[in-house]
Amino acid sequence: MTRDEAAAVIIESMNYAADRETDSPLYDSDKNRLWGSEHYNSGRIVVRPSPWAEGNFEKKMAALLVWANWLNSSSPEFADAQQALAHENSILGRVIRRAKRQLWLRRFEITRR
């Protein structure tokens, strides 16, 4: 799996999680920020700023990635994509590492009960 293929799998999974869990899909600007450059251009007219862009973007994206992990728990392609990009020095790499920490902490809390 190439870097671009892995990024696309992860970003689209996060977009699905955002739409499903909050009824607010990612904007092209959010996806491009995760991608690291201008890649997405849906042609959708933007009338208000993305709700995801305000505040701590990486924290919000990590929460979406946690949701995406739950929704894709049986997908080896999704797990492989995250593994491929987890060590990148990029926004997407940092989001993956942050989400993994959150998942680990939740599992740890559950096992301690």
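A charge sits over a ring if NZ of Lys or CZ of Arg is within 6 Å of the ring centre and within 35 degrees of the ring normal. Keep that handy for the first exercise, and remember that this is a predicted model.

**Exercise 1: charges over rings**

Find the ring that arginine 44 lies over, and do likewise for arginine 33.

*Solution.* Start with arginine 44: it lies over the face of tyrosine 27, at 4.7 Å from the ring centre. Set that against the 6 Å cut-off, and the distance fits. Now go to arginine 33, whose charged end sits over the ring of phenylalanine 57. Here the distance from the ring centre is 4.0 Å.

**Exercise 2: rings with rings**

How many aromatic pairs does a search of the whole structure find? Work out how the rings are arranged, too.

*Solution.* The search turns up one aromatic pair. Its partners are tryptophan 35 and tyrosine 40, with 5.9 Å from centre to centre. Next, look at the planes: the angle between them is 90 degrees. Planes over 60 degrees apart count as edge-to-face, and that is how this pair is classed. Finally, check the surroundings: both tryptophan 35 and tyrosine 40 are buried.

**Exercise 3: the length of α1**

Check whether the span of helix α1 agrees with its 20 residues.

*Solution.* Take 1.5 Å a residue; the expected span is then 28 Å, because the rule multiplies that rise by one less than the number of residues. Then take the C-alpha atoms at the two ends of α1, which are 28 Å apart. The two values agree.

**Exercise 4: asparagine 15**

Is asparagine 15 buried or exposed, and which residues does it touch?

*Solution.* First place it: asparagine 15 lies in helix α1, which runs over residues 3-22. Its relative accessibility is 13%, so it counts as buried, the cut-off being under 20%. It has buried company in α1, including Ile11, Met14 and Ala18. Leaving out residues up to four places away in sequence, asparagine 15 touches Pro25, Leu26 and Lys31.

**Exercise 5: after the helices**

Look just past α1 and past α2. Which residues there have a positive phi?

*Solution.* Just after α1 comes aspartate 23, with a positive phi of about 60 degrees. Most residues other than glycine have a negative phi. Aspartate 23 is in the loop between α1 and α2, and it is exposed, with a relative accessible area of 67%. Now move on to α2, residues 28-35, where six of the eight residues are buried. Following α2 is glycine 36, with a positive phi near 105 degrees.

**Exercise 6: salt bridges**

How many salt bridges does the structure hold? Trace three of them.

*Solution.* There are four salt bridges.

- Arginine 3 pairs with glutamate 88, with the closest N and O atoms 2.9 Å apart. This links arginine 3 in helix α1 to glutamate 88 in the loop between α4 and α5, 85 residues apart.
- Glutamate 12 pairs with lysine 31, at 3.5 Å between the closest N and O atoms. Glutamate 12 is in helix α1 and lysine 31 in helix α2, so the bridge ties together parts 19 residues apart in sequence. Glutamate 12 is partly exposed at 35% relative accessible area, whereas lysine 31 is buried at 10%.
- Arginine 94 meets glutamate 58 at 3.0 Å, N to O. Arginine 94 belongs to helix α5 and glutamate 58 to helix α3, 36 residues apart. Arginine 94 is partly exposed, at 31% relative accessible area, and glutamate 58 is partly exposed at 21%.

Definitions and conventions:
Residues are numbered from 1 along each chain as its sequence is written. This is a predicted model: local features need pLDDT of at least 70, side-chain atom pairs count only at pLDDT 80 or more; totals for chains, interfaces and linings use all residues. Side-chain values use heavy atoms; hydrogens and water are left out. Helices (H or I, at least four residues) and strands (E, at least two) are DSSP runs, numbered from the N terminus. Buried means under 20% relative accessible area, exposed over 50%, partly exposed in between (1.4 Å probe, protein chains only). Contact means heavy atoms within 4.5 Å. Rings of Phe, Tyr and Trp (its six-membered ring) pair if their centres lie within 6.5 Å; planes under 30 degrees apart count as stacked, over 60 as edge-to-face and the rest as tilted. A salt bridge is a side-chain nitrogen of Lys or Arg within 4 Å of a carboxyl oxygen of Asp or Glu.
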